[in-house]
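Q: Could you take a close look at one part of this protein with me, the stretch around a long helix and the loops on either side? I would like to see how single residues there fit into the whole chain.

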Amino acid sequence: MADGAMVHPLGAGIAELRRDDARDGEPGEPRYQQAFLSTMQAGRADRRLALIVLALSAAGFAAALPFAKIPLWHIDGFIPAYEAAIIVIDAITAVMLFGQFRSSRSPDLLVLGAGYLYDALLVAPHMLSFPGPFSPAGLLGGGQTTVWVYMLWHGGFALFALGYAFCDAPSDRARRRVGGHAVALAIAATVALAAGLTALAAQHDALLPILLGANGYTPSYLVAVSLTWMVNLVAVAVIWSRRRRTVLDLWLMVVLCAFVFDIALSAVFNAARFDLGFYAGRAYGLLAASFVLGVLLVETGGLHSRLAAAKALVDGYAHRLEDRVRDRTAALEAETMERQKAEAQLHQSQKMEALGQLTGGLAHDFNNHLGIIIGNLDLLADQDELSGDQKELVNEAMTAAFNGAELTRRLLAFARRQPLRPERVDANKLIAEITKLLRRTLGERVELTLHLDEAIPPVRADSSQLETAIANLANNARDAMPKGGRLSITTGVR
């Protein structure tokens with residue numbers, strides 16, 4: 001027999017993976033605890049399926065009951081094959097329940113896991129003591145031992161089921177207090193119990209009443225089988241009375257009912273071994289194990305499928321997140337480059353501003369000195385005693401001083417400390433005047449040609465600003481021709 005498995009992942013982000021009949025746990029219960037059959041409340045679909053299985057089992061029992069005493073073939077290999085299958089199924093179920101206990105720390109799982117282990121351990125001596133397969137009288141004392149082991153096997157598992165039913169669900173804090181060594185202690189105690197009961201059944205002559213007499217069953221047998229039958233029915237009733245029945249509770253009741261049918265057919269209403277009741281009862285025992293193990297495997301397979309789908313979903317989110325991080329990183333790198341470029345431009349503009357301030361300061365001071373020179377030259381030019389040559393030198397000095405003043409005005413305009421002075425400007429004349437300066441600025445590798453239209457009218461502009469604009473355009477053209485070339489300045493009217 002088998003029960004328990006992890007099932008629905010109830011993560012809010014994977015709603016499409018939930019079953020239509022998904023159940024919620026108790027308020028305050030950790031979400032991971034709701035993933036176990038032992039804690040998940042039975043839904044309508046689970047109850048319907050269990051009821052169908054129970055109805056079919058009851059129908060099969062009713063159909064087989066009138067023919068239970070019909071003798072059939074004597075097959076010595078039936079018992080070893082049948083009970084070996086039971087041992088394997090019970091052992092797998094016990095391992096899985098103990099594994100769930102290690103995750104949930106729920107004592108009821110520990111008790112039920114010990115019950116399945118006990119069931120597997122008692123099946124082995126029953127098989128070894130059964131007359132025929134291994135020796136004519138059995139290896140552990142013959143028929144009396146076989147009958148007692150059978151009673152201890154079926155009645156003992158029902159007592160473990162009662163223990164499971166009486167275990168209340170612990171709080172999360174109580175779960176944390178349960179140590180991992182509890183599984184080892186439960187296994188050791190179960191092995192010791194099974195060994196002690198097996199030894200007791202093997203010494204039945206001195207310690208236990210006789211169950212099989214020369215003429216068939218004894219009154220003690222009827223008492224023993226009635227008690228075994230009764231304890232299974234009581235276990236079903238107690239589990240049914242639980243306030244909150246889980247999926248594990250539901251299928252455990254189905255298993256116990258199958259045990260009741262097993263005992264009735266193979267130990268009460270049959271006539272002897274290897275009749276129809278004998279075989280039918282063993283079939284119910286095997287089906288009882290297969291029912292719950294099948295549910296366990298289906299739920300586990302469904303969990304694996306949902307986990308795979310959830311993993312694929314998370315991987316998709318991870319890939320999209322990586323793409324977004326990569327795009328954002330590229331955008332940040334571009335922003336960083338733009339910021340660095342802007343900072344460089346700001347730094348250059350600050351340098352140019354500082355240079356302009358320095359140039360403006362120097363030009364202003366130089367203009368003051370030129371003012372003194374021009375004033376003195378003007379006074380000197382009014383002197384009558386100057387000869388013609390002297391006056392000519394004074395006039396040339398005055399012209400040079402005015403040219404210096406004009407240069408100072410241009411420097412002040414470059415430094416943006418000179419206000420704009422719009423006036424009528426002859427563009428052709430202005431270009432012709434700055435050509436010599438441009439030729440020296442552009443260098444020998446750039447050929448400068450002028451195409452000036454004499455018919456253009458004067459323009460209204462600040463001559464200094466116009467000269468600066470033409471000089472900047474010429475310097476930009478020179479920078480665009482690192483290997484030299486031809487620069488043409490053309491004027492005209494459109």
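**The loops around α10**

A: Happy to! In this predicted model, Phe274 is buried, with a relative accessible area of 7%. That value is under the 20% cut-off, so Phe274 counts as buried. Phe274 sits in the loop that links α9 (247–268) to α10. Its backbone deserves a look as well: phi of Phe274 is near 65°, which is a positive value in a residue other than glycine.

Now follow the chain to the other loop. Helix α10 covers 276–381, and Asp382 lies in the loop between α10 and α11 (388–414). Here the side chain is in another setting: Asp382 is exposed, with a relative accessible area of 55%. Because exposed means over 50%, Asp382 falls in that class. Asp382 also belongs to a negative surface patch, together with Asp378, Asp384 and Glu385.

So we have one loop with buried Phe274 and another with exposed Asp382. For the wider setting, the protein chain has 494 residues, of which 42% count as buried. Its secondary structure comes to 13 helices and six strands. The chain exposes about 27200 Å², and carbon and sulfur atoms supply 63% of that area. As for how the chain meets itself, take the contacts between residues at least 6 apart in sequence: 79% of them join residues at least 24 apart.

Conventions. Residues are numbered from 1 along each chain as its sequence is written. This is a predicted model: local features need pLDDT of at least 70, side-chain atom pairs count only at pLDDT 80 or more; totals for chains, interfaces and linings use all residues. Side-chain values use heavy atoms; hydrogens and water are left out. Helices (H or I, at least four residues) and strands (E, at least two) are DSSP runs, numbered from the N terminus. Buried means under 20% relative accessible area, exposed over 50%, partly exposed in between (1.4 Å probe, protein chains only). Contact means heavy atoms within 4.5 Å. Accessible areas come from the Shrake-Rupley method with a 1.4 Å probe; for residues, only the protein chains shown count as cover. Patches are made of residues with over 30% relative accessible area and no salt bridge: like charges are joined within 9 Å, nonpolar side chains (Val, Leu, Ile, Met, Phe, Trp, Tyr) within 5 Å. A salt bridge is a side-chain nitrogen of Lys or Arg within 4 Å of a carboxyl oxygen of Asp or Glu. Lys and Arg count as positive and Asp and Glu as negative; His and the chain ends are not counted. The place of a charge is taken as NZ of Lys, CZ of Arg, CG of Asp or CD of Glu.
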